[in-house]
Amino acid sequence: MRTLFYHFIIVGTFIYGTIVHYWYLLLNKGEKRYRYVCKVGKNWGKNLIWASGSQVKTLYKNGSEEEINKIRETGEAVILISNHQSNVDIPTLLGYLPLEFSFIAKKEMKKWPMIGRWMRSFDCIFLDRKNVRQGMKDMKEAISKIKNGHSYVIFPEGSRSKDGTIEEFKKGSFKLATDTGAKIVPITLVGTYEVQNRKSLKITPNKDIKIIVDKPLDLKELSKEEQKEVHEIVNKIIKNNFEEYKNR
């Protein structure tokens, strides 16, 4: 019953959102539309977590809450690096991470019914991993948006976890940070795999989901060697936080 209810809410909110918000999306562009969609996305994320029967706690480590508040006040663009456990990751982050941001997604999602429309309005970047030339154009677009103050979430494992563990991070996923100088915020998700794993559409309710936010990394404060290995540094931070909080 919970699974049916959850997927009913997904479909229902997309249809409702398209009908109610369509004209605003059509008549507005640029920053005004982006900010509006960020607010809609936050409400959508909270509605889906409610539908899943779960609760979310956002936890801060190493003084990260103060840093996040500064980022909110200044509107500074950051790269949010997160592990990828489940389809529930996206509504969790949208609903409960107190920043405005969008996502780096695979190009196929651009054409998905309803979802693709919202993602385009949300200023998502669709990367073409098979076409090198187009992929470079996509990266240039992403760099431009970050320099204009837009933050992005990246899942550097490349896909959802197969068994709930965290895999190694792809080095190329950090190119946006190294090319723009944007701070990297390590985000650890715990509990979303238990709500829904990639092998099933089933939703398991009443699970505690945790978002662990660690202190942002400023690449300018790292040595050249550390900058080259930043994907391993962030991977270690996220894995350590996952191990620390997964049984709490």
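Buried denotes a relative accessible area under 20%, exposed denotes one over 50%, and partly exposed covers the values in between. The exercises below concern a predicted model.

**Exercise 1. Determine which residues of helix α4 are buried, and state what this implies for the helix.**

Solution. Step 1: helix α4 comprises residues 89-96, eight in number. Step 2: the buried residues of α4 are D89, P91, T92, L93, L94 and G95. Step 3: because six of the eight residues are buried, α4 is largely enclosed by the rest of the structure.

**Exercise 2. Compare the expected span of helix α1 with the distance between its end C-alpha atoms.**

Solution. Step 1: helix α1 runs over residues 2-27 and has 26 residues. Step 2: the expected span is 1.5 Å times one less than the number of residues, which gives 38 Å for α1. Step 3: the end C-alpha atoms of α1 are 37 Å apart, in agreement with that expectation.

**Exercise 3. Locate the bend in α1, list the buried residues of the helix, and relate α1 to the record.**

Solution. Step 1: the bend of α1 is found at H21 and amounts to about 55°. Step 2: H21 is also among the buried residues of α1, together with Y6, I9, F14, G17 and L25. Step 3: an unreviewed UniProt entry annotates residues 6-26 as "transmembrane region". Step 4: over residues 6-26 the chain is 100% helix and 0% strand, with end C-alpha atoms 28 Å apart.

**Exercise 4. Describe the second largest pocket by volume, lining and composition.**

Solution. Step 1: the volume of the second largest pocket is about 300 Å³. Step 2: its lining consists of 18 residues, and those nearest the centre of the pocket are R35, P98, L99, E100 and F101. Step 3: helices α2 (30-52) and α3 (64-74) each contribute at least two residues to this lining. Step 4: α2 gives the most, with five residues. Step 5: by class, the lining of the second largest pocket holds eight nonpolar, four polar and six charged residues.

**Exercise 5. Classify N62, E76, I68 and I166 as buried, partly exposed or exposed.**

Solution. Step 1: N62 has a relative accessible area of 53%, so it is exposed, the cut-off being over 50%. N62 is placed in the loop between β1 (55-60) and α3. Its phi is positive, about 55°, although N62 is not a glycine.

Step 2: E76, at 29% relative accessibility, counts as partly exposed. The residue E76 lies in the loop between α3 and β2 (78-82).

Step 3: I68 has 3% relative accessibility and therefore counts as buried. The position of I68 is in helix α3.

Step 4: I166 has a relative accessible area of 11% and is therefore buried. The loop between β5 (152-154) and α7 (175-180) contains I166.

**Exercise 6. For E76 and L219, I166 and S121, and I68 and K32, set the separation in sequence beside the C-alpha to C-alpha distance.**

Solution. Step 1: E76 and L219 are separated by 143 residues in sequence and by 15 Å in space. Step 2: for I166 and S121 the separation is 45 residues in sequence and 30 Å in space. Step 3: I68 and K32 lie 36 residues apart along the chain, and their C-alpha atoms are separated by 23 Å.

Methods:
Residues numbered from 1 in each chain as written. Predicted model: local features only at pLDDT ≥ 70, side-chain atom pairs only at ≥ 80, totals over all residues. Heavy atoms only, no water. Helix = DSSP H or I, 4+ residues; strand = E, 2+ residues; numbered from the N terminus. Bend = angle between axes of the 7 residues up to and from the residue. Buried < 20%, exposed > 50% of the residue type's maximum accessible area, 1.4 Å probe, protein only. 1 Å grid on protein atoms, 1.4 Å probe; cavity = no way out; pocket = protein on both sides within 12 Å on 5 of 7 lines; lining within 4 Å. Points joined across faces, edges and corners; volume = space filled by probe spheres on them. Nonpolar A, V, L, I, M, F, W, Y, C, P; charged D, E, K, R; others polar. UniProt positions renumbered as here; feature names shortened; annotations may be inferred.
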